[in-house]
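Q: Please take a close look at one part of this model, starting from one loop residue. Follow its surroundings outward, and finish with the places that stand apart from it.

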Amino acid sequence: MSMTHTTELPRTAAVIGTGTIGASWTVLFLGAGLQVRASDPAPGAEAHLRAFVAEAWSSMEQLGHTAGRTLDAAQQALTVHASVEEAAQGADFVQENAPERLDIKRQVYAGLESVLGPDVIIASSTSGIMPSTLQEGMQHPERLVVGHPFNPPHLIPLVEVVPGKQTSEATVQAVLALYRALGKSPIRLRREVVGHIANRLQAAIWREAVYLAREGVASVEDIDLAVSAGPGQRWSIMGPSMIFNLAGGLGCMEHFLEHLGPALETWWADLGSPHLDADTRRMLVEAFGTPDPARFTQAVEHRDRALLRRLQALDADQHDTGAAPAA
């Protein structure tokens, strides 16, 4: 995709790295009608990727995100290549999902830039490496931007768009437009920060969950339930600041801060700072028992089915109310 602000989708996307995140991106791109050229050095990568597409396609059909394609047509639109350079041939946009190692990513970028035209954007799914660091040594650093999804990308709407110091504004605008055209809800970070936004919020909540469990306030299971059956129900609809704005009644945020602001500050002051020491690690591991492949698969399937139902319900609600789509 060229660095022009447009809602037109690229014809061909290269997906570099087809693990959990890369495979999910592949499903999303295929569901939008794109040709996908993928590459992953892992043994059996193509078989794994095609199996993932086959399994996820029914979800895309239920959401109406298939561009009229059958599963067979989607599989025909996907090609898997031995090298990064081969996958990048003819690509209009690149979504990079290589391992979170700077040396590997830089090697990938060198291979991509040996093939791509200078205006083809490279978006990295990295969750932990700063884009300015990734740009060091690139021939065209202005083309690189972080496009960090939330797992699984073919279902979760959020994408965090993080420009580096050398990323051009044209690249940022083009990527935001692309993700919106794909049905995503992209947000732009105004500056780089470790973990971006959503992972930092997750880390903050989990820190307190671990602290409460270590202090014996409740079991790991019950603390998880407190989140999923309580505020998690609202968080899937709106963010915490809007929730508190509504909690203020007709006086909105001003009324909320006047009446509950002091109490919230006492809660902030009392939040814990646990450490993942041996005892804490043991507590967390024992809370989930011995790893069981069947139980793991059931949990993933439950998560994705529930996500699908919620997305369908939210989409129906937005159509009924005329609200702007969230995804």
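A: Start with the contacts of Thr-18. Setting aside neighbours within four places in sequence, Thr-18 touches Ala-23, Ala-38, Ser-39, Asp-40, Ala-45, His-48 and Leu-49. The model is predicted. Thr-18 sits in the loop between E1 and H1. Its relative accessibility is 5%, so Thr-18 counts as buried; the cut-off for buried is under 20%. Tyr-211 is far along the chain from Thr-18: 193 residues separate the two in sequence. In space, their C-alpha atoms are 35 Å apart.

Two of the partners lead onward. Ala-23 belongs to H1 and Leu-49 to H2, and each takes part in the contact between these helices. H1 covers residues 20–31, and H2 covers residues 45–63. The two helices pack at about 50 degrees, and their axes are 9 Å apart. That angle makes H1 oblique to H2. The crossing of H1 past H2 is right-handed.

Now the residues in that contact. From H1 come Thr-20, Ala-23, Ser-24, Thr-26, Val-27, Leu-28, Leu-30 and Gly-31. From H2 come Leu-49, Phe-52, Val-53, Ala-56, Trp-57 and Met-60. Sorted by class, the H1 to H2 contact holds 10 nonpolar residues, four polar ones and no charged ones.

The core comes next. The largest nonpolar core has 32 residues. Those touching the most other members are Phe-29, Leu-30, Val-53, Leu-78, Phe-93, Val-161 and Tyr-179. Both H1 and H2 give two or more residues to this core. So do the strands E1 (12–16), E2 (35–39), E5 (121–124) and E7 (158–163), along with helix H7 (169–181). Leu-30 and Val-53 also appear in the contact between H1 and H2. Another core lies apart from this one. It has 18 residues, including Ile-16, Val-94, Tyr-109 and Leu-134.

Back to Gly-31, one of the H1 residues in the helix contact. Its C-alpha atom is 8.4 Å from that of Gly-68, although their positions lie 37 residues apart in sequence. Gly-68 is in the loop between H2 and H3 (71–76). Its relative accessible area is 73%, so Gly-68 is exposed. Ala-67 is in the loop between H2 and H3 as well. Ala-67 counts as exposed too, because its relative accessibility is 53% and the cut-off is over 50%. The backbone of Ala-67 deserves a check. Its phi is near 55 degrees, a positive value in a residue other than glycine.

Cys-252 has a positive phi too, near 55 degrees, and is likewise not a glycine. Cys-252 is found in helix H12. It is partly exposed, with a relative accessible area of 31%. H12 spans residues 252–270, and H11 spans residues 240–247. Their axes come within 7 Å and cross at roughly 100 degrees. That makes H11 roughly perpendicular to H12. Cys-252 helps to form this contact, together with Met-253, Phe-256 and Leu-264 of H12. The H11 side supplies Ser-241, Phe-244, Asn-245 and Ala-247. By class, six residues in the contact are nonpolar, two are polar and none is charged.

Some further sites complete the tour. Glu-86 lies in helix H4, residues 84–88. At 39% relative accessibility, Glu-86 counts as partly exposed. Leaving out residues up to four places away in sequence, Glu-86 touches Arg-37 and His-81. Arg-234 is 148 residues from Glu-86 along the chain, with 45 Å between their C-alpha atoms.

Asp-119 is in the loop between H5 (102–113) and E5. It is partly exposed, with a relative accessible area of 39%. Its C-alpha atom is 8.4 Å from that of His-140, and the two are 21 residues apart along the chain.

Last comes a peptide bond. Asn-151 and Pro-152 are joined in cis, with omega about 0 degrees. Pro-152 is found in the loop between E6 (144–149) and E7. E7 is among the elements that give two or more residues to the largest nonpolar core.

Note on methods
Residues are numbered from 1 along each chain as its sequence is written. This is a predicted model: local features need pLDDT of at least 70, side-chain atom pairs count only at pLDDT 80 or more; totals for chains, interfaces and linings use all residues. Side-chain values use heavy atoms; hydrogens and water are left out. Axes are lines fitted to C-alpha atoms, for helices over the stretch in contact, and angles run from 0 to 180 degrees between N-to-C directions. Helices (H or I, at least four residues) and strands (E, at least two) are DSSP runs, numbered from the N terminus. Angles under 35 degrees count as roughly parallel, over 145 as roughly antiparallel, 65 to 115 as roughly perpendicular and the rest as oblique. A crossing is left-handed if the near helix is turned anticlockwise from the far one by less than a right angle, and right-handed if clockwise. Contact means heavy atoms within 4.5 Å. Ala, Val, Leu, Ile, Met, Phe, Trp, Tyr, Cys and Pro count as nonpolar, Asp, Glu, Lys and Arg as charged, and the others, Gly among them, as polar. A nonpolar core is a set of buried Ala, Val, Leu, Ile, Met, Phe, Trp, Tyr and Cys residues joined through side-chain atoms within 4.5 Å. Buried means under 20% relative accessible area, exposed over 50%, partly exposed in between (1.4 Å probe, protein chains only).
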